[in-house]
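Let's take a walk through this structure together, one stop at a time. Have the sequence and the 3D view ready.

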Amino acid sequence: MKRRSPIITLLVGAALAIGLWIASMVAASPAPAGSGSGYGASGSLATTSAPASQAATPSQAAGPSVTAGPSPTASGVLLGRGNFAGMDADGGAAVAIAIHNNNVVAYFCDGHRVDAWVSGVATGGKLELTGMRGARAEVSLASGQATGWVMVNGTRHMFSLGTVHSPSGLFRSVAVVHGKMIKAGWIVLGNGKKIGSLEVDPNSAAPVTGTAPPLNVTTLTAVDDGVTITAMPVDGETGSGF
Amino acid sequence: MAAYSGPPAYSPPPAPPPPARALDSLARVLVVPSLIGCLVALTLGLYGRLHHATGIAVNIAGFSSPGSVKSWLATGAALFAIVQLGSAAVMYGKVPRLTAPSWIGGLHRWSGRIAFLLTVPVAVHCLYALGFANYSTRVLIHSVLGCLFFGAFTVKMLILPKRGVPGWILPVIGAIVFAVLIVIWFTSAFWFFSTFGVHR
């Protein structure tokens, strides 16, 4: 018995791993409604708060634009403009935040089937952002870092992001491809790595989300299903996309 | 349960360079467990690298995010690992003026089992949802050591029941398993708690 117990330990561990692995496969398989939510919280699909299409406030010059010059320091971002991007705490998804004249657009995506657009207004270094399908985020800005969480499909993802500058940052494309509306988002990290997801029928209760086609950051185009779509930077420093 | 009879004859520091025949039998004892351990580490690494990370895995209720669940489980494993180190030191008579009580072997075995089982859900989430990643030094070290940990643990479990293993082998492998786990903890849970604060 004694001689076998280490083997039993290994086998119990392996059995536990296989059980959790199968449970994870079940969790990750798309829900019947096509919501792609595997977190079991897909009951909260009620569309709350502001729609994620952040075409509001195109005013670039309005508002107390106090920039800190080319390198947005903590206070520079705090008072108005800047871009943040990075991976979330799990490293499984990317987060980008663009702030222009205190208007905030943020995007979370895993480059696969989970993504969320949230938006709001910055008040005193604290951001409370909301999006469609119950997505929301809370972020605080300090020392050039944007730290907080975003809640997507009932799961909270923590992150701490550093500042980035063009050509890194957030890109968005809304287009009609083969008669269907699509909304794609790409996050270009400081190291140039690109992560993007694409929602088909983004304003529905349960859009089908998948991997976005590769974005060409020079031409700002991507080819989705044979159709070339154009992306626009969502850039807090220039105001593009706000 | 029989009284604890002490670890397999561990006499002071390893003897001077063993003669060729001893080396030969040592290699025979170690080669199969080591190969299996390598295979385990390699399989985990390749799976993590080739499997398309889903970003999704089973979640545990009551925690704010998968990251915090994993950080707490990993912290639990690290604490039990420290019990492992302490109980091993007592078993090998390395704690002055303390003779090993009869239950120390049981404590060592059960703390090890619990620590190992606590790491399993964390590893499954890492491998299934996130994969083997290298986008920063911390993440690369974590990914490499995460795979090595299960290989090293397998080697230790496979060598444990073998007879004729030199006394210094188990402490060395145990120390490797312990050190790897602690570095994994520093590159994940410690980083998580120090970045986001200690909370559920």
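A good place to start is where the two chains meet: 34 residues of chain A are in contact with 30 residues of chain B. On the chain A side, the elements that supply two or more residues are α1 (5-28) and β8 (155-163). Of these, α1(A) gives the most, with 14 residues. Sorted by class, the side of chain A that touches chain B has 18 nonpolar, 10 polar and 6 charged residues.

Keep in mind that this is a predicted model. It scores ipTM 0.80 and pTM 0.59. For chain B, the mean pLDDT is 85, and 82% of the residues reach 70 or more. Within chain B, confidence is lowest in helix α1 (residues 20-50), at a mean of 87, and highest in helix α4 (residues 137-159), at 94. As a reading tip, predicted coordinates should not be read in detail where pLDDT is low.

While you are in chain B, have a look at helix α2, which runs over residues 66-91. This helix has 26 residues and reaches 37 Å from its first C-alpha to its last, close to the 38 Å expected at 1.5 Å a residue. After α2(B) comes G93(B), with a positive phi near 70 degrees.

Now back to chain A and its strands. Five of them form an open sheet in the order β12-β11-β10-β9-β15, with antiparallel pairing. At the edges stand β12 (208-211) and β15 (232-234) of chain A; each has a single partner strand, so one side of each is left without a neighbour in the sheet. From one strand to the next, the twist averages 25 degrees. Inside this sheet, β9 (residues 169-177) and β10 (residues 180-188) of chain A pair in the antiparallel sense over 9 bridges. If you find S173(A), you will see A184(A) of β10(A) standing opposite.

The loops of chain A have details of their own. In the loop between β8 and β9 of chain A you will find P167(A), and the peptide bond leading to P167(A) from S166(A) is cis, with omega near 10 degrees.

Another loop lies between β2 (94-100) and β3 (103-109) of chain A, and it holds N101(A). Although N101(A) is not a glycine, its phi is positive, at about 50 degrees. Is N101(A) buried or exposed? N101(A) counts as buried, because it has 23 C-beta neighbours inside 10 Å. N102(A) is also found in the loop between β2 and β3 of chain A. This residue is not a glycine either, yet has a positive phi of about 70 degrees. With 20 C-beta neighbours inside 10 Å, N102(A) counts as buried.

Definitions and conventions: Residues numbered from 1 in each chain as written. Chains lettered and ligands numbered in written order. Predicted model: local features only at pLDDT ≥ 70, side-chain atom pairs only at ≥ 80, totals over all residues. Pairing = 2+ DSSP bridges. Helix = DSSP H or I, 4+ residues; strand = E, 2+ residues; numbered from the N terminus. Axes fitted to C-alpha atoms, helices over the stretch in contact; angles between N-to-C directions. Expected span 1.5 Å × (residues − 1). Contact = placed C-beta atoms within 7 Å. Nonpolar A, V, L, I, M, F, W, Y, C, P; charged D, E, K, R; others polar. pLDDT = per-residue confidence, 0-100. Buried ≥ 20, exposed ≤ 12 C-beta atoms within 10 Å, placed from the backbone.
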